Amino acid sequence: MTTAIEGTVEPGFEEVASAFGDAFAGRPTMGAALAVRVDGDRVVHLWGGVKDERSGQPWTEDTASVVFSCTKGVMSILVARLVQDGLLDYDASVAQYWPEFAAAGKQDVTVAELLSHRAGLSALRERLTLDQALDWDLVTGLLAAQQPLWTPGTGYVYHALTHGWLAGELVRQVTSTLPGQYLARVAQPWSNDLWIGLPAAEEGRVAHLQASDSQREAGEELESAPSPWTALAMTLGDAFPAALVTAEGSFNDPRVRAAQIPGAGGIATADALSALWSSTVVETDGVRILDDAMLDAGLVPMSGGEPVFPTPGPWPRWAGAFHLD
């Protein structure tokens with residue numbers, strides 16, 4: 001059975017719609033949405049399939065989803081906006097804004113190094129339960145106090161989850177608000193469809209997540225990685241599964257969705273997320289979040305080559321998107 005695809009496509013982008021429809025072949029429980037903006041204008045706005053395979057509920061125009069590591073990009077946009085506004089400086093030490101972070105030899109780590117996965121804090125030395133991972137002050141306090149896993153600035157490892165708390169605490173220190181609240185201010189007029197920390201009233205809009213066979217296999221590879229820190233970067237110990245998703249738990253758990261987990265827990269519609277990305281480079285819906293000078297400063301490559309800890313499977317490719325400050 002062919003999945004019905006709804007939405008609109010501007011002339012010249014029909015092949016994008018065709019490819020989107022083809023992605024559903026052989027995947028009867030799949031649901032997805034796609035939005036593309038060019039020069040600020042929406043040229044692709046599509047959705048189809050099922051929002052929840054357990055009930056067969058269809059994916060609709062306003063269905064939102066956990067966007068996992070796209071949340072790191074959102075956090076980097078928020079930090080860049082604070083740099084643009086003069087509240088942060090990429091070259092300044094993190095401890096200048098977050099004094100507790102200077103502990104255990106981290107006093108010279110810069111904001112740029114922190115954002116570029118070079119701070120030596122890709123995993124916590126202490127194994128956490130889920131309840132502990134949902135405690136903002138506990139997690140950020142542990143990161144501030146922790147001795148780095150390698151000498152900061154000498155190499156990188158994908159900070160799969162900790163990146164969000166590190167960047168998010170910087171936001172909190174200089175704005176006195178958690179990153180979800182700051183995002184709601186910066187991301188107008190799309191903040192009704194884009195969240196870090198899902199409002200309870202919006203829970204019914206969120207798609208139920210499924211782990212694919214390849215995702216489960218990658219999780220198993222992660223558990224057998226040469227360095228124990230590799231798996232701990234994704235799981236925090238006992239807080240999250242290596243495959244990221246279980247039928248009712250992890251990022252399908254309403255408590256996790258409501259918490260602010262800005263390394264992986266952002267939730268958005270495809271349209272709102274595309275609008276936010278677009279607004280960093282061109283006026284979109286009347287909004288331009290970052291100016292050209294800020295983009296020049298924020299898109300400087302900081303890392304290359306192999307990570308400090310060898311990483312199996314697809315994880316290095318995922319990490320490759322986040323080697324920019």
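## Salt bridge between aspartate 253 and arginine 255

Aspartate 253 and arginine 255 are joined through their side chains by a salt bridge, with an N to O distance of 3.2 Å. The structure is a predicted model, and the contacts described here are to be read accordingly.

The two partners fall into separate accessibility classes. Aspartate 253 has a relative accessibility of 11% and is therefore classed as buried, the limit for that class being under 20%. Arginine 255, at 42%, is counted as partly exposed.

## Further salt bridges

In total, 14 salt bridges are counted in the model. One of them pairs arginine 37 with aspartate 285, where the closest N and O atoms lie 3.3 Å apart. This contact links distant parts of the chain, as the two residues are 248 residues apart. Arginine 37 belongs to strand S2 (residues 31–38), whereas aspartate 285 is located in the loop between helix H11 (270–279) and helix H12 (292–298). Arginine 37 is buried because its relative accessibility is 17%; aspartate 285 reaches 44% and so counts as partly exposed.

Another salt bridge is formed by glutamate 202 and arginine 205, and here the closest N and O atoms are 3.3 Å apart. The relative accessibility of glutamate 202 is 22%, so this residue is partly exposed. Arginine 205 has a relative accessible area of 15% and is therefore buried.

## A salt-bridge network

The pair of arginine 37 and aspartate 285 also takes part in a wider arrangement: Arg37, Arg42, Asp271 and Asp285 are connected in a network of salt bridges. Within this network, Arg37 is a buried member and Asp285 a partly exposed one.

## The three-stranded sheet

The model also contains an open sheet built from three strands, arranged in the order S5-S9-S7 with antiparallel pairing. Strand S5 (65–66) and strand S7 (194–195) are the edge strands, each of them pairing on one side only.

Strand S9 comprises residues 267–268 and runs antiparallel to S7, to which two bridges join it. At the level of individual residues, tryptophan 195 has isoleucine 267 in S9 as its bridge partner.

## Summary of the contacts

The three salt bridges described in detail each combine a buried residue with a partly exposed one. For the pair of residues 253 and 255, the acidic partner aspartate 253 is buried and arginine 255 is partly exposed. In the other two pairs the arginines, namely arginine 37 and arginine 205, are buried, while aspartate 285 and glutamate 202 are partly exposed.

Technical notes: Residues numbered from 1 in each chain as written. Predicted model: local features only at pLDDT ≥ 70, side-chain atom pairs only at ≥ 80, totals over all residues. Heavy atoms only, no water. Pairing = 2+ DSSP bridges. Helix = DSSP H or I, 4+ residues; strand = E, 2+ residues; numbered from the N terminus. Salt bridge = Lys/Arg side-chain N within 4 Å of Asp/Glu carboxyl O. Buried < 20%, exposed > 50% of the residue type's maximum accessible area, 1.4 Å probe, protein only.
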